[in-house]
Amino acid sequence: MSASALFSPPRSDETASIVPLRRPWRRASAALVVAAVGVVVWSAATNERFQWHVVLRYFATDAVLRGLWLTLWLTAVTVVLGFVIGGVLAVMRLSGNPVLAGVSWGYVWLFRSVPLLVQLLFWFNFGALYPALSGATPVIGPMTSVIIGLVLHEAAYAAEIVRGGILSVDAGQAEAAAALGLRRWRVLRRIVPPQAMRSIVPAAGNLLIGTLKGTSIVSVLAVQDLLYSVQLIYNRNYLIIPLLLVATVWYVVVTSLLGVGQHYVERYYGRGAR
């Protein structure tokens, strides 16, 4: 057989037809999942015990909206201050000073080891350690103890997120900047952070959403956040399930909006990487 016959294209009658791979189990499993979701949705929509009319009645009441606002405010303060402190701790951990690195490591180790509820209760009862300072009023009130506990707890996790983002940047970037005569602090401000944000943003977004949901723990100190607000209402009218659904729907709405924002921030810092 000649070389031209080997490399010549086949005639139309010799072209093999392409048969797509059949996946019957994929369709069957998808149908089962859709059916299961439909059963759950139908059950929730038709079960009168959910009392959706009560959910609609209390969804936008003043008490619930005030609790929602406090939840959002606590989340914003915790995340901003937590990442400011966490950024400082991350730089300390990566510094060549063993004392600073040791202090940063000890801070992260301590606050990641103690549960958040224990930290909040500790700060709330901090006046017991210094009774001479407390007098007739506590040294640290409920709101102050909540802010201190949440921020210090957040900073420990934010420090590891920022440190991981900095370490994700190729060391050659800092070396090239140093070769150009840029000082270390300028490299940390202008060269490393823009590239580290690609790794920091996904973890920071998850931490933000976790913080939003974690603020519900402040209800144990009678701080009137979203959860505590609905608790006050159902302690009076005993409509527990629909009031808990009010808080649930609000948490779902806010976390969904934060997820959309995280998507666009990730896309902004990830441009050029695709």
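**Figure 1. Thr-71 and the residues it touches.** Not counting residues up to four places away in sequence, Thr-71 touches Leu-212, Thr-215, Asp-225, Leu-226 and Tyr-251. The view comes from a predicted model. Thr-71 itself sits in helix α4. With a relative accessible area of 1%, Thr-71 is buried, since the cut-off for that label is under 20%. Two of its partners turn up again in later views: Leu-226 is among the residues with the most contacts inside the largest nonpolar core, and Tyr-251 is one of the buried residues of α12.

**Figure 2. The whole chain, to set the scene.** Here the protein chain shows 12 helices and zero strands. Read from the N terminus, its elements run α-α-α-α-α-α-α-α-α-α-α-α. The chain has 274 residues, and 31% of them count as buried. Take the contacts between residues at least 6 apart in sequence: 76% of these join residues at least 24 apart. The accessible surface amounts to about 17,700 Å², with 66% of it belonging to carbon and sulfur atoms.

**Figure 3. The largest nonpolar core.** This core has 18 residues, and those with the most contacts inside it are Tyr-58, Val-64, Leu-226, Val-230, Leu-243, Val-246 and Trp-250. Helices α3 (52-58), α4 (62-94), α11 (226-237) and α12 (240-269) each supply at least two of the core residues. The helix that gives the most is α12, with seven residues. For a closer look, start from Tyr-58: leaving aside its neighbours within four places in sequence, Tyr-58 is in contact with Val-64, Ile-233, Asn-237, Leu-243 and Val-246. Apart from this core lies another, of 15 residues, which include Val-169, Ala-196, Ile-200 and Ala-204.

**Figure 4. Helix α12 from end to end.** At 1.5 Å a residue, the 30 residues of α12 should span 44 Å, and the 43 Å between its end C-alpha atoms agrees with that. Which residues of α12 are buried? They are Pro-242, Leu-243, Leu-245, Val-246, Ala-247, Trp-250, Tyr-251, Val-254, Thr-255 and Gln-262. Among them, Leu-243 and Val-246 are both contacts of Tyr-58, while Tyr-251 is touched by Thr-71.

**Figure 5. A stacked pair that links distant parts of the chain.** A search of the whole structure finds eight aromatic pairs. One of these joins Phe-59 and Trp-250, which are stacked, with 4.4 Å centre to centre and 5 degrees between the planes. Phe-59 lies in the loop between α3 and α4, whereas Trp-250 lies in helix α12, so the pair links parts of the chain 191 residues apart. Is each ring's residue buried or partly exposed? Phe-59 counts as partly exposed at 22% relative accessibility, and Trp-250 counts as buried at 15%. The two values fall on either side of the cut-off, as buried means under 20%.

**Figure 6. A stacked pair within helix α5.** Trp-105 and Trp-109 also form a stacked aromatic pair, with 6.1 Å centre to centre and 5 degrees between the planes. Both belong to helix α5 and are four residues apart, so about one helical turn separates them. Trp-105 counts as partly exposed, at 46% relative accessibility.

**Figure 7. The buried face of helix α6.** Helix α6 (residues 116-124) has Leu-116, Gln-119, Leu-120 and Trp-123 as its buried residues. Seen down the axis of α6, these residues fall within an arc of 100 degrees, so they line one face of the helix. What covers them includes α5 (98-113) and α8 (142-168). Trp-123 has aromatic company as well: ring pairs link Phe-122, Trp-123 and Phe-126 into a cluster.

**Figure 8. Two loop residues with positive phi.** Most residues other than glycine have a negative phi. Against that background, have a look at Gln-51, with a positive phi near 55 degrees. Gln-51 lies in the loop between α2 (24-46) and α3, and it is partly exposed, with a relative accessible area of 24%. Tyr-238 has a positive phi too, near 65 degrees. Tyr-238 is found in the loop between α11 and α12. With a relative accessible area of 67%, Tyr-238 is exposed, the cut-off for that label being over 50%.

How values were computed:
Residues numbered from 1 in each chain as written. Predicted model: local features only at pLDDT ≥ 70, side-chain atom pairs only at ≥ 80, totals over all residues. Heavy atoms only, no water. Buried < 20%, exposed > 50% of the residue type's maximum accessible area, 1.4 Å probe, protein only. Arc of directions from axis to C-beta. Contact = heavy atoms within 4.5 Å. Core = buried A, V, L, I, M, F, W, Y, C linked by side-chain atoms within 4.5 Å. Areas by Shrake-Rupley, 256 points an atom, 1.4 Å probe, with all protein chains shown as cover. Expected span 1.5 Å × (residues − 1). Phe/Tyr/Trp six-rings, centres within 6.5 Å; stacked < 30°, edge-to-face > 60°.
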